[in-house]
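Open the model in your viewer and keep the selection panel at hand. Each stop below says what to select and what is there.

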Amino acid sequence: MKNSWSVPLIGVVALFMLIGFTITVFKKSDKPRMVVVLKQLNDEYWKTIQAGAEKAFDDYNIDGEVIAPHSEYSSEKQLVMLKIILKRHPDALIVAPTDPSATIPVLKEYQNKNIPTLMVDTDAGWEKQTTYIGTDHYVLGKKAGELLGSMLQPGDQVALIRGMSVSSVANERIKGAKEALEAVGAEIVTEQLGYDQFGQTKPVMENILQRYPDIKGVFATDDVLALHALRIIEKKSLKIPVIGTDGTREMLRFIEGERLSATLAQNPYDMGYISVKQALRSVKGERIEKRIDSGIDIITRDNVEDKLSFLAEILKFKGYLKNTYFYIVFFFAR
């Protein structure tokens, strides 16, 4: 009988090993306590948001942590994380919701406990959220369409490659890009889903080139898809501009190497930093704006070196183990 607790405990441990994320117990201190929950921490874009948030933790003397499930497609696991964090009663929550509509019911529980909830990168569209810090994704898509359109002639064929079909972010970017491309007379011949149900890239660029050999331009709703398209295009010794949206280092190196003339970049570092700064203001009872735009940059050969140097500096310590496999520290209290 004395070992009767072991079975449920093993089950709990197995569950969290399956989810795979870092949860630590807040230390007792007078510092404000915050948690940032992202969609994943396995790629550069999300690590850059993490770097910005952690710099703000240091600057403002905050007891904070950044956590995420292993995959951006793990919406259920992210919800489990949010429910666990709620029991720890942080002073503020910052979250990039994987599935905004599914996240709102959990966020209402935070509201009931008077915990400020800030959206970063992805807007939940919830009227009670404290604020949204990030990109205007429709504007981002429109700027991408305008940039690609400046490289085309009227009547040129264009392909759109998008992320998850349920993603409000991808939907807004596609909407903006379509409007801009149609305004300059480009012909959008296909719109393809770039990921399978498990979040793996699909061979869409190969299929597009086979079916539409006269394609003159590609817009992808994120840099993973843009880079996949660029590699296939180069493999076939073609010169087709591809516009991405994230400004990751690998994308920028295509510009540095004169293999691409321009792309767009969000400012994920600023998103992370500003979200923590605004969360602290909210904890102090200060009024903050309902939407805070973190901006969009056009990256060309004129400014790519500066951008690469900045990213190299802030990400130089982000390759350590905790960002590739997430530890679990449990605290059980009766």
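**Stop 1: the largest pocket**

Select Asp43, Glu72, Tyr195, Asp222 and Val224: of the 34 residues that line the largest pocket, these lie nearest its centre. The model is predicted: local features need pLDDT of at least 70 and side-chain atom pairs pLDDT 80 or more, while totals for chains, interfaces and linings use all residues. Residues are numbered from 1 along each chain as its sequence is written, and side-chain values use heavy atoms, with hydrogens and water left out.

The search runs on a 1 Å grid over the protein atoms alone; a pocket is an open set of points with protein on both sides within 12 Å along at least five of seven lines, a cavity is a set where a 1.4 Å probe fits but cannot get out, and lining residues have an atom within 4 Å of a point. The largest pocket holds about 710 Å³ of space. That volume is the space filled by probe spheres set on the points, with grid points joined across faces, edges and corners.

Now colour helices H2 (44-59), H6 (168-183) and H8 (223-235), the elements that give two or more residues to this lining. Helices here are DSSP runs of H or I with at least four residues, strands are E runs of at least two, and both are numbered from the N terminus. Which helix gives the most to the lining? H8 does, with five residues.

Colour the lining by type next. The pocket has 10 nonpolar, 13 polar and 11 charged residues. Here Ala, Val, Leu, Ile, Met, Phe, Trp, Tyr, Cys and Pro count as nonpolar, Asp, Glu, Lys and Arg as charged, and the others, Gly among them, as polar.

**Stop 2: the largest cavity**

Select Lys39, Pro97, Thr98, Pro100, Thr122, Met164, Ser167, Ser168 and Val169, which line the largest cavity. Its volume is about 40 Å³. The whole structure has one cavity of 30 Å³ or more. Four of the lining residues are nonpolar, four polar and one charged.

**Stop 3: strand S3 and its partners**

Select residues 92-95, strand S3. Are its faces buried or exposed? Ala92 and Ile94 on one side and Leu93 and Val95 on the other are all buried. Buried means under 20% relative accessible area, exposed over 50%, and partly exposed in between (1.4 Å probe, protein chains only).

Add strand S1 (residues 33-37), which pairs with S3 in the parallel sense over four bridges. Strands count as paired if DSSP finds at least two bridges between them. Valine 36 has isoleucine 94 as its bridge partner in S3.

Go to strand S4 (residues 117-120), parallel to S3 over three bridges. There, methionine 119 stands opposite valine 95. Follow the chain from S3 through helix H4 (residues 100-112) to S4: this β-α-β crossover is right-handed. In other words, with the strands pointing away from the viewer, the path from the first strand over the helix to the second runs clockwise.

Carry on to strand S5 (residues 131-134), where Thr131 and Ile133 point one way, Tyr132 and Gly134 the other, and all are buried. S4 and S5 run parallel, joined by three bridges. Leucine 118 is matched with threonine 131 in S5. Strand S11 (residues 291-293) also runs parallel to S5, again over three bridges. The bridge partner of isoleucine 133 in S11 is isoleucine 292.

**Stop 4: the four-strand sheet**

Show the open sheet with the order S7-S6-S8-S9 and parallel pairing. S7 and S9 (242-243) are its edge strands, each pairing on one side only. Zoom in on S8 (residues 215-220) and S9, joined by two bridges. Phenylalanine 219 stands opposite isoleucine 243 there.

**Stop 5: salt bridges**

The structure holds 14 salt bridges. Each is a side-chain nitrogen of Lys or Arg within 4 Å of a carboxyl oxygen of Asp or Glu.

Select glutamate 65 and arginine 88, whose closest N and O atoms are 2.6 Å apart. Glutamate 65 lies in strand S2 (residues 63-67) and arginine 88 in helix H3 (residues 75-88), so this pair ties together parts 23 residues apart in sequence. Both residues are buried.

Next, take arginine 162 and glutamate 191, which meet at 3.5 Å, N to O. They sit in strands S6 (residues 157-162) and S7 (residues 187-193), so they tie together parts 29 residues apart in sequence. Arginine 162 is buried at 9% relative accessible area, whereas glutamate 191 is partly exposed at 34%. Add Lys178 to see the network of salt bridges that links Arg162, Lys178 and Glu191.
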